[in-house]
Amino acid sequence: MKRVVLGNGVVGLSIAFGLLRRANASDEIVVVGPPQRPGSATLAAAAMLNSFAEIEHGGLDTDVDLFRFEMSHRATRLWPAFELALIDAAGDRLPHGCSSCQGCAGGGCFKSGTYVVNNNAADDLDDLNFDAILSALVDFNEQHSVISPKDIPHYKPHQRYRASRAVFIHNEGWFNPRLMLEKMEGALRRAPGVRFIDEGVDRFHHADGVISHVTLMSGKQVEGDQFVLATGATAWDVLDRSGLRDLMQRIFYGIGTSIEIRSQDNALSHVIRTPNRGLACGLYAAPYFQGPNEPNDHVLVGASNFIAPQLHAHGRLTSIEGLLNGAIKQINSKYYRADLIRVNVGARPNSQDTYPLLGQTSIGNLFAATGTKRDGFHLAPLISEVMAKMLHGDAVDEGYAFFAPSRKPLRTMTRDQAVAKAVRHQMSAAYQHGFSPATSRMPEQLEANMRDAVERLHDQIGAKDWGIPPEMLDMYRYGHAIP
Ligand SMILES: Cc1cc2nc3c(=O)[nH]c(=O)nc-3n(C[C@H](O)[C@H](O)[C@H](O)COP(=O)(O)OP(=O)(O)OC[C@H]3O[C@@H](n4cnc5c(N)ncnc54)[C@H](O)[C@@H]3O)c2cc1C
């Protein structure tokens, strides 16, 4: 069987690795993707393995959300064994940065533990989300410690931005995603049944309900028995070029900026982050491991988010300014004298309904794995296992039917819920970006204006009994998302 994986980010490589682990001698695995990885979300990620730290108020209320959370929770538990399998498979092709790593037991870049702080840099949506995290930690009996913010190592916010509450979640770690991709590639390139083609795919060719081959950007053709579309945010564009735009809902570009800095202050030992806030994942600082004998002084600060119908290759100044300011004021005031090492910009694969697309499409030999938004790195071991099972025709948990790629967009919110959430998140985003209202009814008036605009948009597109996910408002407003 020849299986062609399109895309060389963490999702594509994890699937290829999952297939490799099950391959027999006659199986062939081909990985297609440009080595520079333009617009790759993986390269911009902090690669945090957060499940509980990502929970939002009301975020576990539907069966779909609960299943997505269970996937993420399970992924955390799969990482240690997955990491060891990669180290083992990479052998002499293990990148130098990972050369002394023995997986999570041995330290390296895989340490566990995330501090979530509840500060007043945005608005009280943070408080609600922090409460939701605490409740879920208790409900799911997850190991955590409620601590005083002053006991967090490396945490030195400006006085005006100091947190009033904090929790340490013991099992939520992080990686250096660049090292991880090198390691995954090392493991795959070493295997005799795996071949890499270092360029992009242009389009699929299909006849009689089957994909026969793909044409690459160079015009070269690649045939296969099964194909996996895992090109991240570009996935729907590939289908569009192939005359298959109706096969899946549209995938948008969740443009995210992160910055890598080098701080002279004592080393950051664990992730320090806020809860999700205002249409994004909040502010965080994550250790950015460089290698066994390197000083542990690099930090990844993230992340901004805006949804677009196409790739933006460069970070916006407002995103970079927000991250720099946020890091100095809310994480460690000593960062004012840190070195700026790199600005990363990547596109999160963001589906129209905001949920992942995983599995077989309505074309039997075409599978898709995208729409992972801001959790795709974390989900990698799970996606690896589940997609390999699906490609081999094995049964998987029936919950994955929620995320079948050829589904109609899921509508998990009522109109009223969506409107209330949109206003809540837009206000939070405004406060996060420096909104300072007059001492008057101004915030209420602003909220009323926002509510009117969101209600009008729902009317315009005929959304009577369902709600637009807040981060997708502009995509509906400007006609990029079709109801
Ligand atoms: C700033 C930021 C921070 C993030 N932080 C986290 C985090 O802490 N934890 C977490 O779990 N997730 C995080 N994410 C999300 C995570 O990065 C994504 O969910 C995940 O990386 C998606 O992986 P992917 O392989 O689908 O996409 P990508 O990493 O974008 O990879 C897609 C690959 O396909 C290639 N490609 C594109 N077009 C084609 C084509 N036509 N043919 C062949 N190949 C093609 C690209 O070059 C790229 O290498 C973050 C994202 C961003 C942007």
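This is a short dialogue on reading a predicted model, from its ligand site to its domains and backbone.

Visitor: Let's start with the ligand. Which residues come nearest to it?

Guide: The shell around the ligand holds 38 residues, and Asn 8, Thr 42, Met 48, Val 201 and His 378 come nearest. Keep in mind that we're looking at a predicted model.

Visitor: What is the shell made of, in terms of nonpolar, polar and charged residues?

Guide: It's a mix: 17 nonpolar residues, 15 polar ones and six charged ones.

Visitor: And the polar contacts? Which backbone atoms lie by an oxygen atom of the ligand?

Guide: For polar contacts, you look for pairs of N or O atoms within 3.5 Å. Here, a polar backbone atom of Met 48 is 2.8 Å from a ligand oxygen, and one of Val 10 is 3.2 Å from a ligand oxygen. On the side-chain front, Thr 234 places a polar atom 2.9 Å from a nitrogen of the ligand.

Visitor: How much of the ligand does the protein cover?

Guide: On its own the ligand has 990 Å² of accessible area, and the protein covers 96% of that.

Visitor: Which elements give two or more residues to that shell?

Guide: Three helices and a strand: helix 1 (10-22), helix 2 (41-44), helix 6 (235-241) and strand 16 (339-351).

Visitor: On to the domains. Where do they fall along the chain?

Guide: Domain 1 comes in two segments, 105-174 and 253-349, while domain 2 runs over 415-477. Taken over C-alpha atoms, their centres are 26 Å apart. Twelve residues of domain 1 and eleven of domain 2 make up the contact.

Visitor: How should I read the area buried between them?

Guide: Interface size is often quoted as the accessible area lost when the parts come together. For domain 1 and domain 2 that's about 1,200 Å², with 63% given by carbon and sulfur atoms. On the domain 1 side, Asp 123, Leu 279 and Ile 307 supply 45% of the area buried against domain 2, more than any other three residues.

Visitor: Last topic, the backbone. What should I look out for?

Guide: Most peptide bonds are trans, and most residues other than glycine have a negative phi, so exceptions to either are worth a look. One exception here is the cis peptide bond joining Gly 302 and Ala 303, with omega about -15°. Ala 303 sits in the loop between strand 14 (298-302) and strand 15 (306-308).

Visitor: And where is Arg 37 found?

Guide: In the loop between strand 2 (28-32) and helix 2. Arg 37 has a positive phi, near 50°, although it isn't a glycine.

Note on methods:
Residues are numbered from 1 along each chain as its sequence is written. This is a predicted model: local features need pLDDT of at least 70, side-chain atom pairs count only at pLDDT 80 or more; totals for chains, interfaces and linings use all residues. Side-chain values use heavy atoms; hydrogens and water are left out. A residue is near a molecule or strand if one of its heavy atoms lies within 4 Å of it. A polar contact is a pair of N or O atoms within 3.5 Å; within protein, one must be able to donate a hydrogen and the other to accept it, and residues adjacent in sequence count only if both atoms are side-chain atoms. Accessible areas come from the Shrake-Rupley method with a 1.4 Å probe; for residues, only the protein chains shown count as cover. Helices (H or I, at least four residues) and strands (E, at least two) are DSSP runs, numbered from the N terminus. Ala, Val, Leu, Ile, Met, Phe, Trp, Tyr, Cys and Pro count as nonpolar, Asp, Glu, Lys and Arg as charged, and the others, Gly among them, as polar. Domain bounds come from an automatic or database domain assignment. Contact means heavy atoms within 4.5 Å. Buried area is the accessible area (1.4 Å probe) that two parts lose on being put together, summed over both.
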